[in-house]
Amino acid sequence: MNASRSLILAIESSCDETAAAVVADGCRTLSNVVATQHELHREYRGVVPEIASRAHLERILPVVRRALAEAEVGVDQLDAVTAGTRPGLIGALLVGVSLAKAVAWSLSKPFLGVDHVESHLLAGLLDAGAVTWPAVGLVVSGGHTSLYSMQGPLELERLGSTIDDAAGEAFDKAATMLGLPYPGGPHLDELAEQHVGTPGVSLPISLMKKASLDFSFSGVKTAMLYSIRGTPRRVDGKTVFDRSESDLDETARTDLAASFRAAVVSALTRKTRAAIERTGAGTLLAGGGVVANRLLRRELEALAGELGLKLHLPRTDLCVDNAAMLAVAAHHRLLRGDRDPLSVTARPTSRGRR
Ligand code: KG4
Ligand code: ZN
């Protein structure tokens with residue numbers, strides 16, 4: 001392996017996507033295969049851990065074989081194997097971590113475990129130009145919403161995060177309230193795009209204390225519920241709503257979707273602006289499923305234009321869970337000489353931060 005070159009096989013199984021990728025030099029995506037399990041969890045309106053683990057077991061080998069075949073790479077050419085070891089559903093994580101360790105061991109190649117959430121921030125480095133550090137990093141996914149100060153790809157300091165729901169979780173719950181299919185974030189985004197003009201429903205934008213870089217999305221979620229179904233009443237010890245989602249006409253539905261999206265995106269962009277102002281960083285990295293949201297992308301682009309920032313937004317397919325982003329983190333760890341022992345295992349949470 002040449003000083004800055006690497007060929008890495010990455011395996012991802014932290015939640016409901018079984019994925020594998022081959023990435024060269026920490027930036028060139030040679031293959032990126034994702035098998036989603038959404039159809040298995042749809043009827044439960046959330047990820048069922050046991051179903052996820054079983055589906056990973058069934059799918060992981062074909063997914064890894066396809067990633068190698070599409071990249072036209074033989075296993076003997078690999079420099080290292082990586083997997084997201086944290087955070088995630090423990091049974092799901094174990095499938096990818098065990099396979100990555102087994103492949104690395106059988107080939108006598110280095111194994112590197114990386115953090116799934118931190119890797120989301122590095123997805124913007126794939127198939128893009130070099131990054132100028134320091135940067136502010138915004139992760140917005142189904143499980144996490146955090147801001148980081150970054151001195152380099154592996155040097156992160158958390159500035160703030162959600163104190164309740166992640167933004168993606170809030171999008172999914174609001175979409176359910178509107179009767180949209182699971183997972184609802186992309187459907188709500190689609191519906192909101194159809195709204196013409198300024199969103200008309202007044203929903204709270206939670207900004208916490210002025211100096212805080214934390215987020216809160218439970219208030220806007222409750223306000224959305226009451227806007228759709230009316231303020232609930234207690235009748236015989238039960239909570240009763242006077243209206244249901246089916247009482248909404250199409251104009252009201254699109255307006256509610258646009259209003260909800262605008263409130264969440266406004267909180268995200270305002271706190272991101274505050275993080276930039278606090279750190280003085282000239283680069284903004286963003287990642288995680290919600291960064292596929294069209295309004296958030298437009299607002300981050302506008303913010304970057306206004307403040308003269310270099311913005312690294314991943315392609316939409318690299319915002320949602322994938323393995324290629326893990327290979328970016330692993331590449332930088334490999335370059336600085338890191339190797340993980342095979343005793344490293346899956347962990348449900350990130351290292352003492354979230
Ligand atoms: O990063 P990700 O694939 O998985 C986690 O690590 O959580 O993020 C999935 C989340 C889901 O909540 C999904 O609804 C949301 O990202 N999402 C979106 C959009 N696309 C995906 N939310 C809003 N607008 C979108 N276009
Ligand atoms: Zn994720």
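In this predicted model, Glu 157 touches Leu 147, Tyr 148 and Ser 149, with residues up to four places away in sequence left out of account. Glu 157 belongs to strand 8, which spans residues 155–161. The C-alpha atom of Glu 157 is separated by 9.6 Å from that of Gly 137, a residue 20 positions away along the chain. The points below cover the zinc site, the pairing around strand 4, backbone features of several loops, and the nonpolar cores.

**Zinc site**

- The zinc ion (ligand 2) has three protein donor residues: His 116 through NE2, His 120 through NE2 and Asp 321 through OD. These donors lie 2.0 to 2.1 Å from the ion.
- The site of the zinc ion (ligand 2) is tetrahedral, and the angles among its four donor atoms are 95 to 135°.
- Ideal angles for four tetrahedral donors are 109.5 degrees.
- Along the sequence, the donor residues of the zinc ion (ligand 2) follow the spacing H-x3-H-x200-D.
- Helix 4 holds both His 116 and His 120, which are four residues apart, or about one turn of the helix.
- Both of these histidines, His 116 and His 120, are buried.
- His 120 has a relative accessible area of 1% and therefore counts as buried, the cut-off being under 20%.
- Outside its neighbours within four places in sequence, His 120 is in contact with ten residues' worth of surroundings that include Val 139, Ser 141, Ala 286, Cys 319, Val 320 and Met 325. The glycines Gly 287, Gly 288 and Gly 289 are also among the contacts of His 120, as is the zinc donor Asp 321.

**Strand 4 and its partners**

- Strand 4 covers residues 80–86, and seven of its seven residues are buried, so that the strand is mostly covered.
- Strand 1 (residues 7–12) runs parallel to strand 4, and four bridges join the two. Within this pairing, Leu 9 has Val 81 of strand 4 as its bridge partner.
- Strand 5 (residues 111–115) also pairs with strand 4 in the parallel sense, here over five bridges. Arg 86 has Asp 115 of strand 5 as its bridge partner.
- A right-handed β-α-β unit is made by strand 4, helix 3 (residues 90–107) and strand 5.
- In a regular strand, side chains alternate between the two faces of the sheet.

**Backbone features in loops**

- The peptide bond between Arg 86 and Pro 87 is cis, with omega about -20°. Pro 87 is placed in the loop between strand 4 and helix 3.
- Another cis peptide bond joins Trp 133 and Pro 134, where omega is about 0°. Pro 134 sits in the loop that runs between helix 4 (116–122) and strand 6 (135–140).
- Asp 127 is found in the loop between helix 4 and strand 6. Its phi is near 50°, a positive value in a residue other than glycine.
- Asp 127 counts as partly exposed because its relative accessibility is 41%, which falls between the limits of 20% and 50%.
- Arg 45, in the loop between helix 1 (38–41) and helix 2 (49–71), has a phi near 55°, again a positive value in a residue other than glycine.
- Arg 45 has a relative accessibility of 41% and so counts as partly exposed.

**Nonpolar cores**

- The largest nonpolar core has 50 residues, of which Leu 178, Leu 188, Phe 217, Met 224, Phe 260 and Leu 268 touch the most other members.
- Two or more residues of this core come from each of strand 6, helix 5 (167–177), helix 6 (185–193), helix 7 (218–229), helix 8 (250–279), strand 11 (283–287) and helix 9 (294–307).
- Helix 8 makes the greatest contribution to this core, giving 11 residues.
- Another core, of 31 residues, lies apart from it and includes Ala 19, Val 114, Leu 126 and Tyr 148.
- Leu 178, in the largest core, touches Leu 188, Leu 191, Met 224, Ile 228, Leu 248, Leu 256 and Ala 257, among others, when residues up to four places away in sequence are not counted. Glu 245 and Arg 253 are also among the residues that Leu 178 touches.

How values were computed:
Residues are numbered from 1 along each chain as its sequence is written. Chains are lettered from A and ligands numbered from 1 in the order in which they are written. This is a predicted model: local features need pLDDT of at least 70, side-chain atom pairs count only at pLDDT 80 or more; totals for chains, interfaces and linings use all residues. Side-chain values use heavy atoms; hydrogens and water are left out. Buried means under 20% relative accessible area, exposed over 50%, partly exposed in between (1.4 Å probe, protein chains only). Two strands pair if DSSP finds at least two bridges between them. A crossover is right-handed if, with the strands pointing away from the viewer, the path from the first strand over the helix to the second runs clockwise. A nonpolar core is a set of buried Ala, Val, Leu, Ile, Met, Phe, Trp, Tyr and Cys residues joined through side-chain atoms within 4.5 Å. Contact means heavy atoms within 4.5 Å. Donors are N, O and S atoms within 2.8 Å of the metal (3.2 Å for Na, K and Ca); water is not among the atoms, so sites may look incomplete. Four donors count as tetrahedral if all angles lie between 85 and 135 degrees; four count as square planar and six as octahedral if opposite donors are over 155 degrees apart and all others between 65 and 115; anything else is irregular.
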